[in-house]
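Good morning. I will talk about salt bridges today, and about how exposed their partners are. Please look at the screen.

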Amino acid sequence: MKRTAMKHNHNHDNVPNDLQLVPVRFEFTHPTATTVCVAGTFNHWQPEAKTLHPAGGGRWQKETALMPGTYEYCLVVDGQWMPDPLAKETVPNPFGGRNSVLKVANSPQAAHLAEAETLPLKNATKQKAQQI
């Protein structure tokens with residue numbers, strides 16, 4: 001009976017079932033903020049589920065662990081929803097604003113490699129634009 005259950009355990013994203021949680025750090029700096037939270041698809045858009053902690057000097061941070069995947073999120077600063085200024089990518093949201101995009105790789109090494117692979121393309125594009 002166990003074999004049948006395992007046999008029908010389809011993973012539609014074609015991702016191995018043995019994936020581990022990957023450490024993720026959210027950081028934000030705002031000199032007068034009194035509360036900073038993060039809400040996104042990883043916590044059902046519930047800001048109180050992920051509160052950032054003050055780190056001094058107006059800096060806020062939160063370390064958490066997420067499964068590999070792509071997530072949308074916003075920072076909630078003193079009740080105001082905003083995209084993360086440190087996010088590399090944003091997408092429009094249904095409320096006329098923007099959501100930040102977080103891509104969590106299978107491992108920190110994979111995330112580093114993924115970023116390194118895109119750097120030459122960005123630099124080449126910039127150089128071409130400057131030449132025109």
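One definition before the residues: a residue counts as exposed when its relative accessible area is over 50%, as buried when that area is under 20%, and as partly exposed in between. What you see is a predicted model.

How many salt bridges does the structure hold? There are three.

Start with Glu63. Its relative accessible area is 52%, so Glu63 is exposed. Glu63 pairs with Arg25 in a salt bridge, and their closest N and O atoms are 2.3 Å apart. This pair links distant parts of the chain. Arg25 sits in strand β1, residues 22-29, and Glu63 in strand β4, residues 59-66; the two are 38 residues apart.

Arg25 itself has a relative accessible area of 43%, which makes it partly exposed. Arg25 also forms a salt bridge with Glu27, where the closest N and O atoms are 3.4 Å apart. Glu27 is partly exposed too, at 36%.

Now the remaining bridge. The side chains of Glu89 and Lys103 meet at 3.3 Å, N to O. Where do Glu89 and Lys103 lie? Glu89 is in the loop between β6 (80-82) and β7 (90-92), and Lys103 is in strand β8, residues 98-104, so this salt bridge ties together parts that are 14 residues apart in sequence. Glu89 has a relative accessibility of 33% and counts as partly exposed. Lys103, at 55%, counts as exposed.

Last, the shared partners. Arg25, Glu27 and Glu63 are joined into one network by salt bridges that have partners in common. Thank you.

Note on methods: Residues numbered from 1 in each chain as written. Predicted model: local features only at pLDDT ≥ 70, side-chain atom pairs only at ≥ 80, totals over all residues. Heavy atoms only, no water. Salt bridge = Lys/Arg side-chain N within 4 Å of Asp/Glu carboxyl O. Buried < 20%, exposed > 50% of the residue type's maximum accessible area, 1.4 Å probe, protein only. Helix = DSSP H or I, 4+ residues; strand = E, 2+ residues; numbered from the N terminus.
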